[in-house]
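I am opening a fresh page for this structure and jotting down what I look up as I go. Please follow along with the model beside you.

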Amino acid sequence: MKRKPSTEATAAWIRLMRVQSRVLDAVEQDLKKAGFPPLAWYDALLELSRAPSGEMRPVELEKQMLIPQYSTSRLIDRLVDEGLAARRECKIDKRGQFVEITEAGRELQKKMWSAYSTAIEKHVGSKLSDADALKLCGLLDRLGCSCSDVKAAATTRDGVPAR
């Protein structure tokens, strides 16, 4: 039996889409004002830095990205051109390749976290109590978003929180 969404569910959907767009735009602007590249660069560098040996196949990187990234290969090209990542041929499967974070990539990711964390606090943290944030994570979990990494996100790696 097909059921149409309630007015309340539709209103929640509209708010979810609008707030996601507005907060991401605001964070992007804050990073730009601080002289950093787009958030997708941070996200890619973070995922590479968290991977075993600091490397991933491009398809794995695309799956891990927080931001929808339909042009992962172009993003990887830019990271490689800037010396933030390097391509490496897979020794087992010569047709495959890995993308590996460089030391310069690790440094940029750490520097970007300063501006990014400030933006998160400004646009989210300052508007929600910790209890409200946990409640929101629970609601988003019910929609299929996994906020189970909340505790992992709060832990640091070389002084830089995971997310």
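**Entry: a patch on the surface**

I began on the outside of this model, which is a predicted one. I looked for nonpolar side chains gathered at the surface, and I found a patch made of Trp13, Ile14, Leu16, Met17, Val19 and Leu143. Together these residues have about 560 Å² of accessible area. I picked Leu16 for a second look and placed it in helix H1, which covers residues 7–33. Leu16 has a relative accessibility of 30%, so I noted it as partly exposed.

**Entry: the largest nonpolar core**

Next I turned inward. In soluble globular proteins, nonpolar side chains tend to be buried together. Which residues of the largest nonpolar core touch the most other members? I wrote down Leu31, Tyr42, Leu48, Leu61, Leu75, Leu79 and Tyr116, out of 27 residues in that core. I then checked which elements give two or more residues to this core: they are H1, helix H2 (39–50), helix H4 (72–81), strand S3 (97–101) and helix H5 (103–125). H2 gives the most, with eight residues.

I followed Leu31 a little further. Setting aside neighbours within four places in sequence, I found Leu31 in contact with Phe36, Pro37, Pro38, Leu39, Met112, Ala115 and Tyr116. Tyr116 is worth remembering, as I met this residue again among the rings.

**Entry: the aromatic rings**

How many aromatic pairs does a search of the whole structure find? The search gives three. I looked closely at two of them, starting with Tyr42 and Trp113. This pair is stacked, with 6.1 Å from centre to centre and 25 degrees between the planes. Tyr42 sits in helix H2 and Trp113 in helix H5, so this pair ties together parts that are 71 residues apart in sequence.

Are these two rings buried or exposed? I found Tyr42 buried, because its relative accessible area is 2%. Trp113 is buried as well, with a relative accessible area of 10%.

Trp113 also pairs with Tyr116, and here I noted an edge-to-face arrangement: 5.6 Å centre to centre and 85 degrees between the planes. Both of these residues lie in helix H5, three residues apart, which is about one turn of the helix. Tyr116 is buried, as is Trp113. My sketch for this page shows Tyr42, Trp113 and Tyr116 linked by ring pairs into a cluster.

**Entry: the salt bridges**

I then searched for salt bridges and counted four in the structure. I took notes on three of them.

The pair I opened with was Lys122 and Asp30, whose closest N and O atoms are 3.6 Å apart. This bridge links distant parts of the chain, as Lys122 is in helix H5 and Asp30 in helix H1, 92 residues apart. Lys122 has 45% relative accessibility and therefore counts as partly exposed. Asp30 is buried, with a relative accessible area of 13%.

I moved on to Glu55 and Arg88, whose side chains meet in a salt bridge at 2.5 Å, N to O. Here too distant parts of the chain are linked: Glu55 belongs to strand S1 and Arg88 to strand S2 (residues 85–89), 33 residues apart. Glu55 is buried at 18% relative accessible area. That value falls under the 20% cut-off, so I filed Glu55 as buried. Arg88, at 26% relative accessibility, counts as partly exposed.

My last bridge was Asp77 with Arg87, where the closest N and O atoms are 2.2 Å apart. Asp77 lies in helix H4 and Arg87 in strand S2, so the pair ties together parts that are ten residues apart in sequence. I found Asp77 partly exposed at 33% relative accessibility, and Arg87 partly exposed with a relative accessible area of 37%.

**Entry: a backbone angle**

Before closing the notebook I checked a backbone angle. What is the phi of Ser53? It is near 65 degrees, a positive value in a residue other than glycine. I located Ser53 in the loop between H2 and strand S1 (55–56). Ser53 is exposed, with a relative accessible area of 62%.

Terms used. Residues are numbered from 1 along each chain as its sequence is written. This is a predicted model: local features need pLDDT of at least 70, side-chain atom pairs count only at pLDDT 80 or more; totals for chains, interfaces and linings use all residues. Side-chain values use heavy atoms; hydrogens and water are left out. Patches are made of residues with over 30% relative accessible area and no salt bridge: like charges are joined within 9 Å, nonpolar side chains (Val, Leu, Ile, Met, Phe, Trp, Tyr) within 5 Å. Accessible areas come from the Shrake-Rupley method with a 1.4 Å probe; for residues, only the protein chains shown count as cover. Helices (H or I, at least four residues) and strands (E, at least two) are DSSP runs, numbered from the N terminus. Buried means under 20% relative accessible area, exposed over 50%, partly exposed in between (1.4 Å probe, protein chains only). A nonpolar core is a set of buried Ala, Val, Leu, Ile, Met, Phe, Trp, Tyr and Cys residues joined through side-chain atoms within 4.5 Å. Contact means heavy atoms within 4.5 Å. Rings of Phe, Tyr and Trp (its six-membered ring) pair if their centres lie within 6.5 Å; planes under 30 degrees apart count as stacked, over 60 as edge-to-face and the rest as tilted.
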